[in-house]
Amino acid sequence: MNCKVLIALCCVAVYAAQANPAGVATATAADDEIKDFPAYMKRFEKLNVEQVLNNDRVLASHLKCFLNEGPCVQQSRDLKRVIPVIANNSCNGCTEKQKTTIKKTLNFLRTKKPDEWARLVKIYDPTGTKLNKFLDA
């Protein structure tokens, strides 16, 4: 391998380690930047949340994507982009129906999947306050 390439790769690795020294996966600005949030949210209006929450296999697949532990199908990837936005602005731009559905889903995770919920909060809401505040509002 060319010495310059090796040095460049080492520099990138050192920079990445310094930017996130704990090795904790975090949402990036590119991930949470959605130009037209209300329009983006419309793509989920036909999603049968009950069906997802009651199907362990499908729910596990979504959770692995959200937790950066597995591949993401398109629907999971789209939903994953929404999590940091919800955490950062309490779903400002969501309709009341969307807020109700999101709260139902997140409360399900908080009560039925507490380990996964704690890991989600650590990734998308490192202070641990914003998502819980949204849910308790």
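Here are some questions and answers about a predicted model of a protein chain.

Q: What makes the link between Cys65 and Cys72 a disulfide?
A: Their sulfur atoms lie 2.0 Å apart. The cut-off is within 2.5 Å, so this pair counts.

Q: How do you know that Cys91 and Cys94 are joined by a disulfide?
A: Look at the sulfurs again: they are 1.8 Å apart, S to S. A pair has to be within 2.5 Å, so this one passes too. A search of the whole structure finds two disulfides, and they follow the pattern 1-2, 3-4 when you count bonded cysteines along the chain.

Q: Why is the disulfide of Cys91 and Cys94 called left-handed or right-handed?
A: Check the torsion about the S-S bond. For Cys91 and Cys94 it's about -70°, so this disulfide is left-handed. The link of Cys65 and Cys72 has 100° about its S-S bond and is right-handed.

Q: Why is Cys65 called buried or exposed?
A: Cys65 has 0% relative accessibility, so it counts as buried. The cut-off for buried is under 20%.

Q: And what does Cys72 count as, and why?
A: Cys72 comes out at 21% relative accessibility. Buried needs under 20% and exposed needs over 50%, so a value in between is called partly exposed. That's why Cys72 counts as partly exposed.

Q: How do you know whether Cys91 and Cys94 are buried or exposed?
A: Cys91 has a relative accessible area of 0%, and Cys94 has 10% relative accessibility. Buried means under 20%, so Cys91 is buried and Cys94 is buried as well.

Q: What makes Tyr40 and Phe44 an aromatic pair, and which kind are they?
A: The structure holds one aromatic pair. The ring centres of Tyr40 and Phe44 are 5.9 Å apart, with their planes at 70°. Centres must lie within 6.5 Å, and planes over 60 degrees apart count as edge-to-face, so that's the name this pair gets: edge-to-face. Tyr40 is buried at 5% relative accessibility, and Phe44 is buried at 13%.

Q: How do you know that the charged end of Lys103 sits over a ring, and which ring is it?
A: The ring belongs to Phe134, and the charged end of Lys103 is 5.2 Å from its centre. The distance limit is within 6 Å, and Lys103 meets it with that 5.2 Å.

Q: What makes up the fold, and how many helices and strands are there?
A: You'll find nine helices and zero strands. Buried residues make up 29% of the 137 residues in the chain.

How values were computed: Residues are numbered from 1 along each chain as its sequence is written. This is a predicted model: local features need pLDDT of at least 70, side-chain atom pairs count only at pLDDT 80 or more; totals for chains, interfaces and linings use all residues. Side-chain values use heavy atoms; hydrogens and water are left out. Buried means under 20% relative accessible area, exposed over 50%, partly exposed in between (1.4 Å probe, protein chains only). Rings of Phe, Tyr and Trp (its six-membered ring) pair if their centres lie within 6.5 Å; planes under 30 degrees apart count as stacked, over 60 as edge-to-face and the rest as tilted. A charge sits over a ring if NZ of Lys or CZ of Arg is within 6 Å of the ring centre and within 35 degrees of the ring normal. Helices (H or I, at least four residues) and strands (E, at least two) are DSSP runs, numbered from the N terminus.
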